[in-house]
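Student: Could you take me through the largest pocket in this protein, close up? I'd like to know what lines it.

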Amino acid sequence: MLLSLHVKNLALIEEAEVDFGPGLNILTGETGAGKSILIGSVNLALGGKAQKGLLREGALYALVELTFSVEQPQQIQALQELDIVPEDGQILMTRKLLANGRSVCRINSETVSAAVMRSAASLLIDIHGQHEHQSLLTRKNHIRYLDARAKKDLEDRKKEMASCYHTYTQCKKLLEEASLDEEQQNRELSFLQYEIDEIAQADLQPGEDEQLEKDFRRLSHGRKILDALSECRELCSDGSDSVSDTLGRAVRALLHAAEYDERVGALSDQLQEIDSLVSDFNRDLCSYTDDFEFSDALFAEISHRLDQINRLKSKYGKTIEHILDQKAQKEAEVEKLLHYEEYRRELEEKLSVSERALSDISDEVSRIRKSVAPVFEQEMIRSMKALNFNDVRLKLEFSQSDHYTENGRDDVRFLISANPGEPMKPLDSVASGGELSRIMLALKTVLAENDDMETLIFDEIDSGISGRTAQKVAEKMKQTGANHQVICITHLPQIAAMADFHFLIEKTSDDMSTISRIRSLDREESILELARMLGGREITDMVMRTAREMKEMAADCVLK
């Protein structure tokens, strides 16, 4: 369940905090007050795309925070599979938008990708936007809705089918690519053999390039290194005033004085240690200087070898290991071409096996779909009748496509008759905008009743409806709120009257800025808001009585 929403510096909202409750949560307000911005902020926090201009003017960042309570074992397990563990039974999802266009997503204070955010959100909340009902007109979505209803029976099998489909398409692709004639095979063999020989003749050794680059750097600055070594040797050991000679005199001077003072003796011991370290350094310096070689021939040899390796890297890979891997792959390609017909037969066999596996699992999935479809149809009809589709008939029509997809070969289409005597026709040819809104509401409630989804959000589900139909929609929303948390933006007083929790979104302006605010309404304030929705500019005593009666009738509806 969504416990709270915190929004800061988003569009018209300077800062807002909303604590939602169980049941039906209603949001109302004048057109343009910022209701859709509030729902948009929820989408944003759940990993949705951030539109330009969302940041409040002058703000350095915008912030949206959602707090969910998670109690259902299935949800907890699914979240844990995403490496998300509820803390004290809660999930905190945060999205921060920065002025430079970047955004940061966090779950329980840990940074995650927007993709992980969306995956987690899909387990916790279902949002129905203002125009989502239009997706009913897209035929390919119909099978998705059926599969959502059959999720518990289909989930594992659909994963298996997706895996089989991937294997099948890969085999099919490889077989399509394996269509070389003899002349093409010979050309390919010749080119591959040339590349293999080129790599083999280089006799590359792993790590060789790193050592060569170190030697190249050293030799390319050989003169500077020798000059530095010579100067250091002169100063430390060879010159009459060298560090070694000067330290020797200092040691001898302190040795005489140490006979008379213990503290001088301690200083003398320290200086002797320093003299010993300098002597060791001078020996190492002389040894390195004597061993250091700078050979133009050696430098040219290293340069040539590095050029050869870098040329191979530009053709076959960024490292010697990658080049050697490429050589092994090309040798495997040669072996394949030398036995090309055998390779094609193996591919054909693999394709045949993968197609049989895909056909078997597709048939099994299809059987499950067809067994769930009649139940789904009856649930939809009952739900639609509750939304004032009095004589509705609905059927899922199955057909098979001539090719496989991740959904198998099933093609599903909703057929509907909303009026007596009318034949059943495809949904897109008979449903009006208002009817689509109600059908989508019926669909959402049916799916919610058969899923673990706890929170449903409806953004202006009342589009295109009024009168008795509006009352039916209100009753359906209330009924759904009995088993789920429902958050709904509405313009209809019939729906608003059903609220368990009523929130008002208001817009205030002055010469400097415009701000949207949201606040919770008590019963009397809710009745006043209903009166505003009923009466418009002037709220008369009669309008107030009507609003109060609507609130009381809503309470009676719940009791019944």
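Tutor: Let's start with the walls. In this predicted model, H5 gives the largest share of the lining of the largest pocket, with seven residues. H5 runs over 151-177, and the whole lining is made up of 38 residues. Which elements give two or more residues to that lining? Going along the chain, you'll meet helix H2 (73-81), helix H3 (114-124), strand S8 (125-128), helix H4 (140-149), H5 itself and helix H15 (433-449).

Now head for the middle of the pocket. The lining residues nearest its centre are Ser-122, Leu-123, Lys-151, Asp-451 and Met-453. Try matching those numbers to the ranges: Ser-122 and Leu-123 fall in H3 (114-124), while Lys-151 is in H5 (151-177).

And how much space lies in there? About 1,400 Å³. If you're wondering how anyone finds a gap like that, rolling a probe the size of a water molecule over the atoms shows where empty space is left.

What about the chemistry of the walls? Sorted by class, the lining has 16 nonpolar residues, 15 charged ones and seven polar ones. Asp-451 and Lys-151, two of the residues nearest the centre, count among the charged class, whereas Leu-123 and Met-453 count as nonpolar and Ser-122 as polar. So when you zoom in on the centre of the pocket, you can pick out nonpolar, polar and charged residues there.

Technical notes:
Residues are numbered from 1 along each chain as its sequence is written. This is a predicted model: local features need pLDDT of at least 70, side-chain atom pairs count only at pLDDT 80 or more; totals for chains, interfaces and linings use all residues. Side-chain values use heavy atoms; hydrogens and water are left out. On a 1 Å grid over the protein atoms alone, a cavity is a set of points where a 1.4 Å probe fits but cannot get out, and a pocket is an open set with protein on both sides within 12 Å along at least five of seven lines; lining residues have an atom within 4 Å of a point. Grid points are joined across faces, edges and corners, and a volume is the space filled by probe spheres set on the points. Helices (H or I, at least four residues) and strands (E, at least two) are DSSP runs, numbered from the N terminus.
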